[in-house]
Amino acid sequence: MKNALEIASFKLKGGIATEDFLNASVEMEDGFAKKQNGFIKRTLAQNESGEWVDVVYWKTMDDATKAMESAMKSPACAPMFGMIDDASIKMSHFQIQNL
């Protein structure tokens, strides 16, 4: 069974403080992501131009897709998701080949 990688890149809405976004991100990870079947780990990073990348490792592709579907309905995800510029989001899933 091959692990899956979920990568979301995005920018924040104007006026959102980085500290507020990071706090909402921790709440989403603790209140939702870590409780999902197949969650392995998550890394959040930002580049100099203000673009973010959120990388989540899952045990299976099925775990990744089920979690993504549930996240859209989860109150634990809403504060973080509400800070993201919807037009900037690019979401991709990959099957890891070297594990």
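Mentor: A charge sits over a ring if NZ of Lys or CZ of Arg is within 6 Å of the ring centre and within 35 degrees of the ring normal. In this predicted model, Lys 41 lies over the face of Tyr 57.

Trainee: How far is Lys 41 from the ring centre of Tyr 57?

Mentor: The distance is 5.0 Å, set against a cut-off of 6 Å.

Trainee: What makes Arg 42 and Asp 54 a salt bridge?

Mentor: The closest N and O atoms of Arg 42 and Asp 54 are 2.8 Å apart, and the limit is 4 Å, so the pair qualifies. Arg 42 belongs to strand S2 (residues 39–46) and Asp 54 to strand S3 (residues 51–58), which makes this a link between distant parts of the chain, twelve residues apart.

Trainee: Why is Arg 42 called buried, and why Asp 54?

Mentor: Buried means under 20% relative accessible area. Arg 42 has 12% and Asp 54 has 8%, so both values meet the criterion.

Trainee: How do you know that Asp 62 and Lys 66 form a salt bridge, and where do they lie?

Mentor: Their N to O distance is 3.1 Å, which satisfies the 4 Å limit. Both residues are in helix H2 (residues 61–71), four residues apart, about one turn of the helix. Asp 62 is partly exposed because its relative accessibility is 41%, and Lys 66 is partly exposed because its relative accessible area is 48%; partly exposed covers the range between 20% and 50%.

Trainee: Which residues are joined into one network by salt bridges that share partners?

Mentor: The network consists of Glu 29, Asp 30, Lys 34, Arg 42 and Asp 54. Among its links is the salt bridge of Asp 30 and Lys 34, at 3.2 Å from N to O. In total, the structure holds five salt bridges.

Trainee: How many aromatic pairs are there, and what makes the pair of Phe 10 and Phe 21 edge-to-face?

Mentor: There are three aromatic pairs. For Phe 10 and Phe 21 the centres lie 5.8 Å apart and the planes meet at 65 degrees. Pairing requires centres within 6.5 Å, and edge-to-face requires over 60 degrees, so both conditions hold. Phe 10 lies in strand S1 (residues 4–11) and Phe 21 in helix H1 (residues 18–31), so the pair ties together parts eleven residues apart in sequence. Phe 10 and Phe 21 are both buried.

Trainee: Why is the pair of Phe 39 and Trp 58 called edge-to-face?

Mentor: The ring planes stand at 80 degrees, with the centres 5.7 Å apart, so the pair is edge-to-face. Phe 39 is in S2 and Trp 58 in S3, 19 residues apart. Both residues are buried.

Trainee: Which residues form an aromatic cluster, and what is the bridge partner of Phe 10 in S3?

Mentor: The cluster comprises Phe 10, Phe 21 and Trp 52. Trp 52 is also the bridge partner of Phe 10.

Trainee: How do you know that S1 and S3 are paired?

Mentor: Eight bridges join these antiparallel strands, whereas pairing needs at least two, so S1 and S3 count as paired.

Trainee: In what order do the strands of the sheet run, and what makes S2 and S4 edges?

Mentor: The open sheet has the order S2-S3-S1-S4, with antiparallel pairing. S2 and strand S4 (90–95) each have a single partner strand, so one side of each lacks a neighbour in the sheet.

Terms used. Residues numbered from 1 in each chain as written. Predicted model: local features only at pLDDT ≥ 70, side-chain atom pairs only at ≥ 80, totals over all residues. Heavy atoms only, no water. Salt bridge = Lys/Arg side-chain N within 4 Å of Asp/Glu carboxyl O. Helix = DSSP H or I, 4+ residues; strand = E, 2+ residues; numbered from the N terminus. Buried < 20%, exposed > 50% of the residue type's maximum accessible area, 1.4 Å probe, protein only. Phe/Tyr/Trp six-rings, centres within 6.5 Å; stacked < 30°, edge-to-face > 60°.
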